[in-house]
Amino acid sequence: MTTNADSRLRQLGILAVLVLLTETAPLELSLVYPAAHSLAQSFGSAGADAVTGAVSLAAVVCIPLLGRIADVVGKKRVLLWSGAVFAVGSLLCATAGSLPLLLLGRVLQGAVGGSLAVAYAVVRDTFPRHRVPVALGVVSSGIGISGIVAPFLGGALVDRYGYRGVFWFLFALSVCVLPLAAAALPRDGRRDATKAPPGRRLDIPGALLLGLAAAALVWGVGTGVRSGWAAPAVLWALPVVLLLTVGFWRRERDRPDPAIDLALLADPAVRGTLIAAVLTTTGTSTVAYLLPQLLQTPR
């Protein structure tokens with residue numbers, strides 16, 4: 001018989017694991033930013049930009065996929081598998097001897113990009129309703145804490161071990177967290193393990209269209225900032241974004257099992273939340289990138 005104390009202890013364990021798991025997503029960005037100068041010395045400025053940007057491109061492709069896959073095959077499975085792919089990517093980055101291998105590792109690291117949304121779903125399914133807001137706040141606060149600590153930790157690792165030290169740290173973190181997650185997270189229900197009924201099937205083409213459109217937009221904007229908005233790559237990227245977005249809208253508008261329910265975007269609460277999230281993420285990411293560069297600027 002499970003007592004209230006045992007239940008609270010189990011919930012605290014789940015919460016601690018979720019915080020550690022979701023930390024990997026912001027750390028794969030904010031921890032690497034202080035290594036930009038070290039990466040530029042090894043691979044040139046263009047290579048350093050590619051290393052810092054590749055993970056974002058992979059993440060925006062994975063975010064719409066992971067949430068839907070979690071609904072179909074189970075949230076614990078998705079968190080564990082994405083964490084395992086992240087660990088492999090971190091190991092590849094730490095040992096890569098060439099830029100292509102390093103970029104491949106960064107792309108694999110992007111697999112953990114959608115873990116926060118899945119972690120929120122685990123909280124919603126596991127915790128009593130009156131504790132869900134507090135639990136969500138704890139999971140979210142971990143991201144803010146990592147944003148404060150990451151520039152100093154990343155700087156210390158780069159000063160002592162070079163850019164590889166950052167990736168060895170991320171690999172060690174994931175190796176430590178995955179067994180804890182396997183033990184602490186609740187097992188996926190039987191309904192998650194069986195074939196998904198209509199309405200819960202995964203619309204892979206729709207999710208890929210959305211993810212590729214977002215990746216093309218991120219790549220086009222990044223190229224425009226570095227090379228100018230008249231660069232040929234930018235002029236190609238924007239029409240591709242438009243075509244992919246139109247293709248996604250045409251596919252999803254009448255489907256019974258869409259990758260993303262477009263009707264939700266008409267809800268003012270959802271629309272306002274998304275706008276606030278975009279603005280907040282933009283601000284925090286900009287500070288996380290610029291602060292290490294400012295601190296490393298010679299007098």
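**Exercise 1. Decide whether L15 is buried or exposed, and find what surrounds it.**

Step 1. L15 has 12% relative accessibility, so L15 counts as buried. Buried means under 20% relative accessible area, exposed over 50%, partly exposed in between (1.4 Å probe, protein chains only).

Step 2. Place the residue: L15 lies in helix 1. Helices (H or I, at least four residues) and strands (E, at least two) are DSSP runs, numbered from the N terminus.

Step 3. List its partners, leaving aside neighbours within four places in sequence: L15 is in contact with F127, A135, V138 and V139. Contact means heavy atoms within 4.5 Å.

Step 4. Check the chain separation. L15 and L136 are 121 residues apart along the chain, and their C-alpha atoms are separated by 9.0 Å.

A note on the model: it is predicted, local features need pLDDT of at least 70, side-chain atom pairs count only at pLDDT 80 or more, and totals for chains, interfaces and linings use all residues. Residues are numbered from 1 along each chain as its sequence is written, and side-chain values use heavy atoms, with hydrogens and water left out.

**Exercise 2. Explain why S30 counts as buried, and name what S30 touches.**

Step 1. S30 is in helix 1.

Step 2. S30 counts as buried because its relative accessibility is 7%.

Step 3. Not counting residues up to four places away in sequence, S30 touches S146, A150 and A288.

**Exercise 3. Describe how helix 4 packs on helix 7.**

Step 1. Take the geometry. Helix 4 (residues 99–109) and helix 7 (residues 163–184) pack at about 35°, and their axes are 13 Å apart. Axes are lines fitted to C-alpha atoms, for helices over the stretch in contact; angles run from 0 to 180 degrees between N-to-C directions.

Step 2. Find the residues. L102, R106 and Q109 of helix 4 meet Y163, F167 and L170 of helix 7.

Step 3. Sort them by class: this contact has four nonpolar, one polar and one charged residues. Ala, Val, Leu, Ile, Met, Phe, Trp, Tyr, Cys and Pro count as nonpolar, Asp, Glu, Lys and Arg as charged, and the others, Gly among them, as polar.

Step 4. Follow F167. Beyond its neighbours within four places in sequence, F167 is in contact with V32, S90, C93, A94, L102, R106 and Q109.

**Exercise 4. Summarise the whole protein.**

Step 1. Count elements: eleven helices and zero strands.

Step 2. Buried residues make up 40% of the 299 residues.

Step 3. Of the contacts with a separation of 6 or more, 78% join residues 24 or more positions apart.
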